[in-house]
Amino acid sequence: MAEGGEREELLSPSPVSPAKRLCSWPSPQAHHPRGSPGAASGGVGGVGGSCLAPGARPHLQPESLLDCAAKTVAEKWAYERVEERFERIPEPVQRRIVYWSFPRNEREICMYSSFQYPAGGGGEGLPFRRGIRLLDSGSVENVLQVGFHLSGTVTEAATTSEPAVTYKVAISFDRCKITSVTCGCGNKDIFYCAHVVALSLYRIRKPDQVKLRLPISETLFQMNRDQLQKFIQYLITAHHTEVLPTAQKLADEILSSNSEINQVNGAPDPTAGASIDDENCWHLDEEQVKEQVKLFLSQGGYYGSGKQLNSMFAKVREMLRMRDSNGARMLTLITEQFMADPRLTLWRQQGTSMTDKCRQLWDELGALWVCIILNPHCKLEEKSCWLQQLQKWSDLDVCPLEDGNYGHELPNITNALPQNASHSPELLQRGTTTITNLEGWVGHPLDPIGCLFLTLTEACRLNDDGYLENLVLLPSDMNESRPPVYQHVPVATGCPNSHESFLSLALEVALMGMGQQRVMPEGLYAQDKVCRNEEQLLSRLQELQLDDELVQTLQKQCILLLEGGPFSGLGEVIHRESVPMHTFAKYLFSALLPHDPDLSYKLALRAMRLPVLENSTSTGDTSHPHHMVSVVPSRYPRWFTLGHLESQQCELASTMLTAAKGDTLRLRTILEAIQKHIHSSSLIFKLAQDAFKIATPTDSSTDSTLLNVALELGLQVMRMTLSTLNWRRREMVRWLVTCATEVGVRALVSILQSWYTLFTPTEATSIVAATAVSHTTILRLSLDYPQREELASCARTLALQCAMKDPQSCALSALTLCEKDHIAFEAAYQIAIDAATGGMTHSQLFTIARYMELRGYPLRAFKLASLAMSHLNLAYNQDTHPAINDVLWACALSHSLGKNELAALIPLVVKSVHCATVLSDILRRCTVTAPGLAGIPGRRSSGKLMSTDKAPLRQLLDATINAYINTTHSRLTHISPRHYGEFIEFLSKARETFLLPQDGHLQFAQFIDNLKQIYKGKKKLMLLVRERFG
């Protein structure tokens, strides 16, 4: 039934359409045998009990011959063909054909009422689920089937915000397909609304409760003239406001002998089914498909538009799986909108590439067309038509290339190969080989391997009859991850390998495709697509349950890949630019391991290589430097996905390490492969951590072999990162010490003795040695005295070696590590003293000096502090310098030692410190207490306070006054009014220092007079000076 206004559609005539074919009225005997009064009324079950609902018949009771024939005819033949074929059709036969013409499979209703079937799960808002709820709640009423037309009402229950609403629904159908739907809800979508779903499921599930009538033309044919006139007049009276103008127009045309309506034999009947020439397909709103695709494309990837388009592609795949002709029809509509995308013209004008999201959509579009063209059930004329259409699209200027580029087409590498060449010897290098497959099957825009795999597995897929029931009963998240179930379907007996099944062929195709040696394509998108395509294929392979037959196929194919020569990416020799096989090999290893461990390890170890990072330069590179120009670009393309490929290499190695736990020989072989082929220190460190975790489970004993592998990997990481920057280096060093501790005391001794090949001096002293001799380590290893002494001796030796190599960073750590050994401690102290005159900074020396004082060596601390002072230079304005505390500490130390030490330090202070406030602070502290209070044996304190008029404080006092004078002039040079108050406070502090000597007040007065004279231009400031100081 055509769509439009509901009452107009139901009651008003319209031009002839496929759903309203012309029906003539032959003699009564042609269709209705006499003696069957009332046969046109009643329910579905009008023929003696043979019309039970599908599934309601007892299991052992066969269908009647009438039903068997009617089911086949109803599905295959247009009803018009039946009428033409047979001169007389008994009414019971007509009824059964009409009855069986309605769709019988709920899956098809589900397919046309949601994007998400079957693998999207579907939330509560899916039209199919909503339709089931409406059906179960008794919302479907007044269901009537008249010929090939079903009508009824569906009521939406009232809510807190909306009253109950009843919608009229009409469905036309033909040959078990819904050909037209109309609903009063005004649904504007690609697929059916919940009300159409509810009415359709009512007819499928409750056919015995549906009133069934033959096409209306058959009923009218049984009426005489008076009955027809009464029928028409009652109809007009019931709907006079809607149909009266149309009725009068038709009456005028019928009464006119020359009218067009009188030139046609018969009249349209919307309930009589489709005509012979009509295309038999499910109802699909083409305008809505166009509008939605156009809308999604205009959003440019935002708001989930890419997800919606992928859902539409998934719906096309589902239709193709169901052999529904709307699959190709819908894809054609989608392609038309893609070709009309205004961005194509813009990209072409600018000579730029389309976005990655758009490329993915175009790739999927191309792959779907491959599926359609290669469909074995497709007719030749259909293929020819589609190929012509594809050629038309391809000839358009806006049609993008396969790589999604405009304006800079890449060279066709395949065409550049010599036609007669098998392998050019010039391309061979030592450790490499020619790439005979420059265009890879995996990652190809048309996805040939994926299409073949899906085609072959589809033939083996078991129908999940319980899916719809589960869709209703189970939560939506439990339906999303249900893997398909496959069975072996043997290949036709005429084939050479008749014992093979389509499922084993699918596995073989996937393994051949992913194992193909192929060049890494250029560009980020193409390389990313190779990775994504491989992951998609592997996820499909993992859905296969490997039985004996598939395991045999797997073993055979793996052996062929290992022996496959230049065609195989797992061959003995591969080209430097060959796409790595790590992800593929990881799947093969896991799948083969339970069945053939030797083969699985051999294959995985072979796949560990990553030639593009390995040194494979040979003389062949220079003897023919330009040979490959005609085949591949002269420079190697940038490997944008190298990081991902390296991580997959690491995953493969980790998988093997886990599987080989406890097997010493295999672990040693895997370790050698890791050390040879993995070039990222971060990834080797990750492997070391993984091995450590596996080797030291919390609930079982430690695996010493795997633990030693972890240690070996950790040592390699140390060597790799020793001379390079790595932000995780400190973490790596700490982890290695932990691992060595877990291995045992011999491992700790070993890394202490060979520290120079593994650690920097700072790391060796502050982390490695300190941790090795810590109390925690001793308890962890339960060390006896000789073992503790051995570790301590190694740590002291390391400390002295590090201090000699880098005294600035290691002197303090060396002193700490050598505390318990007098000879070693003296040696470390001497190293510090020797280095003090060299490159050590004042902060390093002050730190060591404080340490020496803390350890009870005040004189040594004073010596180091004096050396530190000679390295220091504190300017007049550096009153917040971090070294100030060290200077104050050094002066306090010398003061506590006695007058002689203070006298030795003050000249150094005067020379190094020019900040007046710091000098005045030192001067004040030295006058508060008497010197020599440290209590050094053999020395005696006088107990007298020191005078600033005598040495050594006189020198300090003069330096402080000069510093105040110089600082004052410096500050006045660039002073601003907002700093006047701060300056006056500074002069107040200066006066305190000036007043310390007996003639200090005269000096200060003279100083103030000089300021007034020199800076008399700063009147406001000088006024403030007079107010404060006179």
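Q: Which residue in E4 stands opposite Thr155?
A: The model is predicted: local features need pLDDT of at least 70, side-chain atom pairs count only at pLDDT 80 or more, and totals for chains, interfaces and linings use all residues. Residues are numbered from 1 along each chain as its sequence is written, and side-chain values use heavy atoms, leaving out hydrogens and water. Helices (H or I, at least four residues) and strands (E, at least two) are DSSP runs numbered from the N terminus. Opposite Thr155, in E4, stands Thr166.

Q: How many bridges join strand E3 to E4?
A: Two strands pair if DSSP finds at least two bridges between them. E3 covers residues 149-156 and runs antiparallel to E4. The number of bridges joining E3 to E4 is eight.

Q: How many of the ten residues of strand E4 are buried?
A: Buried means under 20% relative accessible area, exposed over 50%, and partly exposed in between, with a 1.4 Å probe and protein chains only. Strand E4 spans residues 165-174 and is mostly covered. Of its ten residues, the number buried is seven.

Q: Which residue in the turn between E4 and E5 has a positive phi?
A: E4 and E5 (residues 177-183) pair in the antiparallel sense over six bridges. Among the facing residues, Ile171 stands opposite Val181 in E5, and Asp174 stands opposite Lys177 in E5. The two strands form a hairpin with two residues between them. The turn residue with a positive phi, about 50°, is Arg175.

Q: What is the positive phi of Gly147 in the turn between E2 and E3?
A: Strand E2 (residues 140-146) runs antiparallel to E3, joined by five bridges. Within this pairing, Glu141 stands opposite Thr153 in E3. E2 and E3 form a hairpin with two residues between them, and the phi of Gly147 in the turn is about 60°.

Q: Which residue in E6 stands opposite Gln145?
A: Strands of a sheet pair through backbone hydrogen bonds, either parallel or antiparallel. E2 and E6 run parallel and are joined by three bridges. Opposite Gln145, in E6, stands Leu212.

Q: Which strands stand at the edges of the open sheet, each with a single partner strand?
A: Five strands form this sheet in the order E5-E4-E3-E2-E6, with mixed pairing. Each edge strand has a single partner, so one side of each is left without a neighbour in the sheet; the edge strands are E5 and E6 (211-213).

Q: What is the average twist from one strand to the next in the five-stranded sheet?
A: The sheet is open and its pairing is mixed. From one strand to the next, the twist averages 20°.

Q: Why does the pair of Tyr112 and Phe191 count as edge-to-face, and what is the angle between their planes?
A: Rings of Phe, Tyr and Trp (its six-membered ring) pair if their centres lie within 6.5 Å; planes under 30 degrees apart count as stacked, over 60 as edge-to-face and the rest as tilted. The structure holds 18 aromatic pairs. The ring centres of Tyr112 and Phe191 are 6.5 Å apart, and the pair is edge-to-face because the angle between the planes is 75°.

Q: How many residues apart in sequence are the parts that Tyr112 and Phe191 tie together?
A: Both residues, Tyr112 and Phe191, are buried, and ring pairs link them with Tyr192 and Trp282 into a cluster. Tyr112 lies in the loop between helix H5 (106-111) and helix H6 (127-136), whereas Phe191 lies in the loop between E5 and helix H7 (194-205). The pair therefore ties together parts whose separation in residues is 79.

Q: Over the ring of which residue does the charged end of Arg96 sit?
A: A charge sits over a ring if NZ of Lys or CZ of Arg is within 6 Å of the ring centre and within 35 degrees of the ring normal. Lys71 lies over the face of Trp100, at 4.9 Å from the ring centre. The charged end of Arg96 is 4.3 Å from the centre of the ring of Tyr99.

Q: What separates the C-alpha atoms of Val293 and Phe338?
A: Val293 lies in helix H11 (residues 286-298), and at 0% relative accessibility Val293 counts as buried. Val293 and Phe338 are 45 residues apart along the chain, yet the separation of their C-alpha atoms is 7.9 Å.

How values were computed. Axes fitted to C-alpha atoms, helices over the stretch in contact; angles between N-to-C directions.
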